[in-house]
Amino acid sequence: MEPGSELGLGLVDRPSTLSLSVRDVRPEDAEPIVRILNPIVAARVFSVFDAPFTVEGERGFIARFPARGIFHVAVRQSDQAVVGFQTLEPFATYTRAFDHVGVLGTYVDLDLRRQGVAARLFQATFGAARLKGYEKIFTFVRADNEAALQTYLRQGFRVIGTAHRQARIDGRYVDEVLIERLLDPAPDGN
Ligand SMILES: CC(C)(COP(=O)(O)OP(=O)(O)OC[C@H]1O[C@@H](n2cnc3c(N)ncnc32)[C@H](O)[C@@H]1OP(=O)(O)O)[C@@H](O)C(=O)NCCC(=O)NCCS
């Protein structure tokens, strides 16, 4: 097993400059998650979230998170602080036709960007997703969020197209870029 890894998956990106592990979310992670998320919401430039989150609300979100979903947190080894998180949720549940498709969200402490946290999360989530039967990830990035788009492209996503005036934040329309990535087959051949 790789040092600092609970999942024992090899790195696919450059080694993290932080020593990190990735694990499934726990109820007590609600507080650090909100601490990471609310500055991202407040900045108004990264996501389409338009209101701050509460710890109580986030605890409920974690409790109700779908069984087929994946909710990973990245933990800094030196002090066990949660420094980023990633969610993969089923694309839709009104039909079985989309069961192999997941929707992804990635959030890293704004003070700890560009230190390989997201890369570590992607690596863990791709492996776990394949084991849960996902074959592709389909998601959206704000067209003006170049850092996020570059991060996803680096992870093998491709741009499908642009949904124009898809979001309205503070009265201003924002385009969203649709991206997708097929997942490699699971080791057991699924
Ligand atoms: C987008 C985000 C998740 C990236 O997380 P991160 O931990 O900083 O990313 P990493 O350090 O793992 O970067 C991996 C690679 O992605 C690319 N990348 C990341 N940030 C980039 C940037 N600002 N510009 C260009 N490329 C970037 C690079 O190829 C990078 O590798 P390198 O540093 O060796 O060049 C993070 O910036 C973030 O949480 N932003 C705020 C929330 C957000 O925008 N979330 C996405 C919503 S869809």
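Two strands count as paired here if DSSP finds at least two bridges between them. Helices and strands themselves are DSSP runs, numbered from the N terminus: H or I over at least four residues for a helix, E over at least two for a strand. With that in hand, strand 3 and strand 4 run antiparallel and are joined by seven bridges.

A word on the source. This is a predicted model, where local features need pLDDT of at least 70, side-chain atom pairs count only at pLDDT 80 or more, and totals for chains, interfaces and linings use all residues. Residues are numbered from 1 along each chain as its sequence is written.

**The sheet**

The chain has four helices and seven strands, and along the sequence they follow the pattern β-α-α-β-β-β-α-β-α-β-β. The seven strands form an open sheet in the order 1-2-3-4-5-7-6, with mixed pairing. Strand 1 (20-24) and strand 6 (158-169) sit at the edges with a single partner strand each, so one side of each has no neighbour in the sheet. From one strand to the next, the twist averages 25° (angles run from 0 to 180 degrees between N-to-C directions, and axes are lines fitted to C-alpha atoms, for helices over the stretch in contact).

Here are the antiparallel pairs from strand 1 to strand 4, with one bridge from each:

| Strand pair | Bridges | A bridged residue pair |
|---|---|---|
| Strand 1 and strand 2 (70-76) | Five | Arg 23 and Val 73 |
| Strand 2 and strand 3 (82-90) | Six | Val 75 and Val 82 |
| Strand 3 and strand 4 (101-108) | Seven | Glu 89 and Val 103 |

The hairpin of strand 2 and strand 3 has five residues between the strands, and Gln 80 takes a positive phi near 60° there. Seven of the nine residues of strand 3 are buried, so the rest of the structure largely encloses this strand. Buried means that 20 or more other C-beta atoms, placed from the backbone, lie within 10 Å of the residue's own; 12 or fewer makes it exposed, and anything in between is partly exposed. By that count, 28% of the 190 residues of the chain are buried.

**Helices on the sheet and on each other**

Helix 1 (residues 30-43) packs on the sheet, touching strand 3 and strand 4, and its direction makes about 85° with that of strand 3. Helix 3 (117-131) lies across strands 1, 2, 3, 4 and 5, running at about 145° to strand 2.

Helix 1 also packs against helix 2 (residues 55-63), at an angle of about 115° and with the axes 9 Å apart. Helix 1 contributes Ala 30, Glu 31, Ile 33 and Val 34 to the contact, while helix 2 contributes Val 55, Glu 58, Arg 59 and Ile 62. Residues are in contact if their C-beta atoms, placed from the backbone, lie within 7 Å.

Ala 30 of helix 1 is buried, because 22 other C-beta atoms lie within 10 Å. Leaving aside neighbours within four places in sequence, Ala 30 is in contact with Val 55, Glu 58, Arg 59 and Ile 62.

**Around the ligand**

The ligand is surrounded by 22 residues, and the closest are Arg 113, Ala 118, Ala 119, Ala 147 and Gln 150. To be near the ligand, a residue needs its C-beta atom, placed from the backbone, within 6 Å of it. Strand 4, helix 3 and helix 4 (146-154) each supply at least two residues of this shell, with the largest share, five residues, coming from helix 4.

Technical notes
Two residues are in contact if their C-beta atoms, placed from the backbone, lie within 7 Å.
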